[in-house]
Amino acid sequence: MTLPRALSPFALLRPGAALRPERPAGATAPQALLPALARDRAAASDEALIAWAAAGDRLAFGALAARHLPRLHGLAQRITGSAAEAEDVAQEALLRAWQNAARFDPERARFATWLHRIASNLAIDHCRRRGGAAPLPLAEHWPDPAAGPEAALAERQRRALLEQALSELPPRQRAALALAHDQGLSGAEAAAVLETSERAVEGLLHRARRFLADRLRGDGA
């Protein structure tokens, strides 16, 4: 997926953003003690990067943002159905992660889970503020005309029906589908992102799949 030029990992550090992440009184981060010049940011784990970011290392957070930005944007677009809203959500999620870097606890969650939770909540909030339904189209990839005009038309119609049905799902069901299918998360990981149980995630997925199947079957797809 090609991201819009405006959606840069460093755009969140715009004028007016906090110059340093907030650090609770007395908090320390062992990873942050490594001298900045000795840091291999490209090879570092997410947890090491967020610890360095908590100490004010913008380069570390830039590497972290670049690593996760495409998936954040994809998740936000699947939930909101809007590329423009997805940009806003992804940037806001990264800004909040930067500002709250020192509050991240690696013993409670993986960094990716924590960041996806922030983005999912923001995206769901966007949907609720405008009434829940996602605008169309959600799809980015259309059939290759080289496959033949009839096949391309049939695939385009099938995808349009699917995207229409997806747009009518409640935001949390879209989020569950995005996490399980687009992001490839396990049931436990999706449950951690959505702050619910695995059984609840299974319920969200079951209702979403049943709705989609009924809609496509009713349209003869």
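A residue counts as buried when its relative accessible area is under 20%. By that cut-off, 45% of the 221 residues of the protein chain are buried. The model is predicted. The chain holds eight helices and zero strands.

**Overall fold**
- Along the sequence, the pattern reads α-α-α-α-α-α-α-α.
- Among contacts in the protein chain with a separation of 6 or more, 70% come from residues 24 or more positions apart.
- The exposed area of the chain is about 11,500 Å². Carbon and sulfur atoms supply 54% of that area.

**Nonpolar core**
- The largest nonpolar core has 53 residues. Within this core, Ile50 and Phe61 touch the most other members.
- At least two core residues come from each of helix 1 (46-54), helix 2 (58-80), helix 3 (83-99), helix 4 (111-129), helix 5 (149-167), helix 6 (171-182), helix 7 (187-194) and helix 8 (198-218).
- In soluble globular proteins, nonpolar side chains tend to be buried together.

**Helix 2 against helix 3**
- The two helices, helix 2 and helix 3, pack at an angle of about 145 degrees. Their axes lie 8 Å apart.
- The crossing of helix 2 past helix 3 is right-handed.
- On the helix 2 side, the contact includes Phe61, Ala65, Leu69, Leu72 and His73. On the helix 3 side, Val89, Ala90, Ala93, Leu94 and Trp98 are among the residues met.
- Sorted by class, this contact of helix 2 with helix 3 has 13 nonpolar, three polar and three charged residues.
- Phe61 appears in both pictures: Phe61 is one of the two core residues named above, and Phe61 is part of the helix 2 contact with helix 3.

Methods:
Residues are numbered from 1 along each chain as its sequence is written. This is a predicted model: local features need pLDDT of at least 70, side-chain atom pairs count only at pLDDT 80 or more; totals for chains, interfaces and linings use all residues. Side-chain values use heavy atoms; hydrogens and water are left out. A nonpolar core is a set of buried Ala, Val, Leu, Ile, Met, Phe, Trp, Tyr and Cys residues joined through side-chain atoms within 4.5 Å. Buried means under 20% relative accessible area, exposed over 50%, partly exposed in between (1.4 Å probe, protein chains only). Helices (H or I, at least four residues) and strands (E, at least two) are DSSP runs, numbered from the N terminus. Contact means heavy atoms within 4.5 Å. Accessible areas come from the Shrake-Rupley method with a 1.4 Å probe; for residues, only the protein chains shown count as cover. Axes are lines fitted to C-alpha atoms, for helices over the stretch in contact, and angles run from 0 to 180 degrees between N-to-C directions. A crossing is left-handed if the near helix is turned anticlockwise from the far one by less than a right angle, and right-handed if clockwise. Ala, Val, Leu, Ile, Met, Phe, Trp, Tyr, Cys and Pro count as nonpolar, Asp, Glu, Lys and Arg as charged, and the others, Gly among them, as polar.
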